[in-house]
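Trainee: I've got a new model open and I'd like to learn how to read it. Can we walk through it together?

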2 protein chains.
Amino acid sequence: MAQKKRTTKRSLGPETSPELDALVREIIERVADKWTMLVIEALAEHGTLRFTAVGEKVGGISQKMLTKTLRQMEADGLVTRTVLPVIPPHVEYDLTDMGFELGKAFCGVWIWAEKYQKAIAKSRAEFGRRAAAMPRVRAL
Amino acid sequence: MAQKKRTTKRSLGPETSPELDALVREIIERVADKWTMLVIEALAEHGTLRFTAVGEKVGGISQKMLTKTLRQMEADGLVTRTVLPVIPPHVEYDLTDMGFELGKAFCGVWIWAEKYQKAIAKSRAEFGRRAAAMPRVRAL
DNA sequence: CAGTATCCAACCTGATACTG
DNA sequence: CAGTATCAGGTTGGATACTG
């Protein structure tokens, strides 16, 4: 099915002040750095987790990135970090309410992805076919 | 104010199938590639735009990245690309409904960022102070 | 266990030059 | 105008080794 032509302007919703834009842009860049969302998910799903456990739940993350991601999230107030003064060390991470809220905010994207999953796959396949058959620039 | 301790598990909402996870993860990575969201915003706000115009509305993007971003979005079905067979070339980009919906889905994150803007700044400041005063590893 | 430190390869990106 | 092609710099991320 062809897409309907649209030339009308449509607002995305909230007002778009320039500096809020910059903040949101930064937030989104950080938050969507590939690991943050997965850590949020892991913590939301399993509750409090220790350092290594977070890595296991997330899966496929290097220790370096796990550390970096958790530090970042701690700095931003998305997780709390609790050190139990025992030997060997025992460090617990937990989502803050703010972190949990962010996870919920991302649900919209989750739902979108679920809804358009098939459409995306189809679009990619068609694009691939077009690209194979056609030159990028059509000389009339 | 201190964060309340929470060890309970809380679902983020939709079910979490492994491959949907992967898709969402990929989507988020793409969408947060720094330019995609801004292009969506530009097109949502201004309607159909020509190649150069998109770049102007987005601001600060190189031609290379603009091309790459638009190609990607076209492949995923987020935008349509219409070539008018005239000289000089005239190429129009427009958001698809799917693309527009993605923009709306991200509004949740936008709103979150707006809501917690201050809290994030405060958290970062405090974290900075803690980091300056304390060693990373506390030896009991 | 929970990190830190270092090295290195891959990738991303901008600048520049060229084309239909 | 709307790209493509190439090159160079910076950043990112993984692997590895080491520490309190």
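**Reading the fold and the DNA surface**

Mentor: Sure. In chain A, α4(A) lies across β2 and β3, running at about 110° to β2(A). Keep in mind that this is a predicted model.

Trainee: In what order do the three strands of that open sheet in chain A come?

Mentor: To read a sheet, go across it strand by strand. Here the order is β1-β3-β2, with antiparallel pairing. β1 (49–50) and β2 (79–84) of chain A are the edge strands, each pairing on one side only.

Trainee: How many bridges join β1(A) to β3 of chain A?

Mentor: Two, and the strands run antiparallel; β3 covers residues 90–95. If you want a pair to look at, A:Arg50 stands opposite A:Glu92 in β3(A).

Trainee: Now the DNA. Which residues are the closest to DNA strand D?

Mentor: Start with what lies within 4 Å. For strand D, 21 residues surround it, and the closest are A:Lys64, A:Met65, B:Thr52, B:Gln63 and B:Tyr93. By type, the residues of this surface divide into eight nonpolar, six polar and seven charged.

Trainee: Which elements each supply at least two residues of that surface?

Mentor: From chain A, α4 (63–76); from chain B, α3 (51–58), α4 (63–76) and β3 (90–95).

Trainee: What part of the DNA does each polar side chain of chain B approach, say B:Thr52 or B:Gln63?

Mentor: Check the DNA atom at the other end of each pair. B:Thr52 has a polar side-chain atom 2.8 Å from a phosphate oxygen of strand D. For B:Gln63, a side-chain N or O atom is 2.6 Å from a base nitrogen. B:Arg50 has a side-chain N or O atom 2.9 Å from a sugar or linking oxygen. Of the strand D atoms within 4 Å of the protein, 54% belong to sugar or phosphate and the rest to bases.

Terms used:
Residues are numbered from 1 along each chain as its sequence is written. Chains are lettered from A and ligands numbered from 1 in the order in which they are written. This is a predicted model: local features need pLDDT of at least 70, side-chain atom pairs count only at pLDDT 80 or more; totals for chains, interfaces and linings use all residues. Side-chain values use heavy atoms; hydrogens and water are left out. A polar contact is a pair of N or O atoms within 3.5 Å; within protein, one must be able to donate a hydrogen and the other to accept it, and residues adjacent in sequence count only if both atoms are side-chain atoms. Helices (H or I, at least four residues) and strands (E, at least two) are DSSP runs, numbered from the N terminus. Ala, Val, Leu, Ile, Met, Phe, Trp, Tyr, Cys and Pro count as nonpolar, Asp, Glu, Lys and Arg as charged, and the others, Gly among them, as polar. Two strands pair if DSSP finds at least two bridges between them. Contact means heavy atoms within 4.5 Å. Axes are lines fitted to C-alpha atoms, for helices over the stretch in contact, and angles run from 0 to 180 degrees between N-to-C directions.
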